[in-house]
Amino acid sequence: MSRPAARRIALAAQGFADPRPEPYAATSRQLQRVVDRVAVIQIDSVNVLTRSQYLPFFSRLGPYDPALLDRARDRAPRRLVEYWAHEASLVSPTTWPLLDFRMQRAVQDSWGGMQRVARDHPDLVAAVRAEVQRRGPLTSREVERRLEHDVPRSKDDWGWNWSLVKSALEHLFWAGEISSAGRTSQFERRYDAVARVLPKPMRHLVDPGRRPPPAEAFIELMRIAARAHGVGTEQCLRDYFRLSPTQARPALQTLVDTGELRPVTIDGWRRTAYLHVDARRPRGVHAEALLSPFDSLIWQRDRTAALWDFHYRLEIYVPREQRVHGYYVLPFLYGDALVGRVDLKADRQARVLRVQSTHWEDGAPAAARPALDRQLAALADWLDLDAVSCAAA
């Protein structure tokens with residue numbers, strides 16, 4: 001398989017070959033089609049442009065009403081729930097129980113603060129669990145205030161220390177013992193009982209014993225990843241849900257043995273790739289889209305380099321003087337190629353979308369420049385900004 005053919009398969013699998021609706025005309029059904037294609041939408045707290053979960057839908061649908069996404073996440077029956085999938089992510093409720101293997105290792109695999117509170121303060125963890133199940137949805141600060149009223153503690157002891165309460169909540173969330181009923185406008189999780197978050201037909205899955213065993217879950221997670229990729233290596237597929245080689249390889253072999261995946265060779269790739277049996281293989285794809293740094297199309301940086309010869313990294317944590325392209329840089333997709341990148345900031349006080357810098361790839365077609373201008377104008381309008389301001393070259 002040629003690299004251009006592999007690129008077109010990847011773009012089609014991620015929804016970039018689908019026609020866009022008219023601006024602001026996207027429906028819940030069209031939003032759901034994006035969810036069905038990509039399966040995982042990463043969440044991130046950085047808000048220099050907009051929260052990251054909204055951008056993949058803009059990239060595929062154009063300007064749309066973000067309230068459609070909020071409704072799918074926040075209102076019953078939910079079409080999206082939050083959990084640790086790739087990173088913090090929105091996934092279909094049917095995907096949530098497949099991640100039980102991760103929940104079962106919350107004490108071993110979670111971050112230090114979560115492990116310490118589970119080990120050192122089991123009574124606090126139990127009280128937090130009971131409070132959320134009784135009174136949720138609650139933010140972490142609301143849980144602390146409720147506990148001070150409902151289960152008073154001596155301040156001479158550790159009291160209801162906010163950082164400990166937050167760690168307990170995050171431990172319980174990681175362990176699948178509580179869930180998230182959505183986020184506040186300040187990006188705070190609203191913790192709630194799993195039984196109130198999952199759709200009614202799935203509430204039996206509150207019981208871990210009724211969730212799929214790990215071996216079955218790994219097969220299904222690799223199947224989801226393969227559909228979302230169209231074609232990809234083992235590394236591509238297992239990175240989608242952050243599976244280990246030990247978890248992914250037997251599942252991958254099962255999918256090959258059943259014929260769902262077919263091993264293929266892609267020009268210039270050293271590793272074997274796997275083509276999903278149902279992957280679309282379009283002869284051409286023409287897309288024009290700004291991509292979130294957290295878009296599933298470009299998560300796996302080795303894959304991005306292999307498919308597009310596009311070497312991309314997020315420079316948020318790079319000291320300013322060492323950044324090459326900027327702080328919050330969005331790759332620009334034109335046709336079936338990644339042709340440039342722009343460092344963007346939503347200046348909400350001035351009501352301006354600021355283009356801090358633009359960098360074009362060698363060989364970027366001239367037609368990509370007006371296409372980028374169109375996408376920037378559409379993005380500014382969608383963000384309710386009045387103008388686009390480009391920094392002097």
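**Strand pairing and helix packing in a predicted model**

Alanine 289 stands opposite leucine 333 in strand β10. The model is predicted. This briefing covers the pairing of β9 with β10, an open sheet of three strands, and the packing of helix α1 against helix α12.

**Strands β9 and β10**
- Strand β9 spans residues 287-290, and β10 spans residues 329-335.
- The two strands run antiparallel and are joined by four bridges.
- Ala287 and Ala289 lie on one side of β9, with Glu288 and Leu290 on the other.
- These four residues are all buried, and both faces of β9 are thus covered.
- In a regular strand, side chains alternate between the two faces of the sheet.

**The open sheet β6-β8-β7**
- Three antiparallel strands form this open sheet, in the order β6-β8-β7.
- β6 (231-233) and β7 (261-264) are at the edges with a single partner strand each, so one side of each has no neighbour in the sheet.
- On average, neighbouring strands of this sheet are turned by 35° against each other, direction ignored.
- Four bridges pair β7 with β8 (residues 273-276) in the antiparallel sense.
- Proline 263 stands opposite tyrosine 274 in β8.

**Helices α1 and α12**
- Helix α1 (residues 3-13) packs with helix α12 (residues 214-229) at an angle of about 115°, and their axes are 6 Å apart.
- The two helices are therefore roughly perpendicular to each other.
- Ile9, Ala10 and Ala13 of α1 make the contact with Arg227, Ala228 and His229 of α12.
- By class, this contact comprises four nonpolar residues, one polar and one charged.

Definitions and conventions:
Residues are numbered from 1 along each chain as its sequence is written. This is a predicted model: local features need pLDDT of at least 70, side-chain atom pairs count only at pLDDT 80 or more; totals for chains, interfaces and linings use all residues. Side-chain values use heavy atoms; hydrogens and water are left out. Buried means under 20% relative accessible area, exposed over 50%, partly exposed in between (1.4 Å probe, protein chains only). Two strands pair if DSSP finds at least two bridges between them. Axes are lines fitted to C-alpha atoms, for helices over the stretch in contact, and angles run from 0 to 180 degrees between N-to-C directions. Angles under 35 degrees count as roughly parallel, over 145 as roughly antiparallel, 65 to 115 as roughly perpendicular and the rest as oblique. Contact means heavy atoms within 4.5 Å. Ala, Val, Leu, Ile, Met, Phe, Trp, Tyr, Cys and Pro count as nonpolar, Asp, Glu, Lys and Arg as charged, and the others, Gly among them, as polar.
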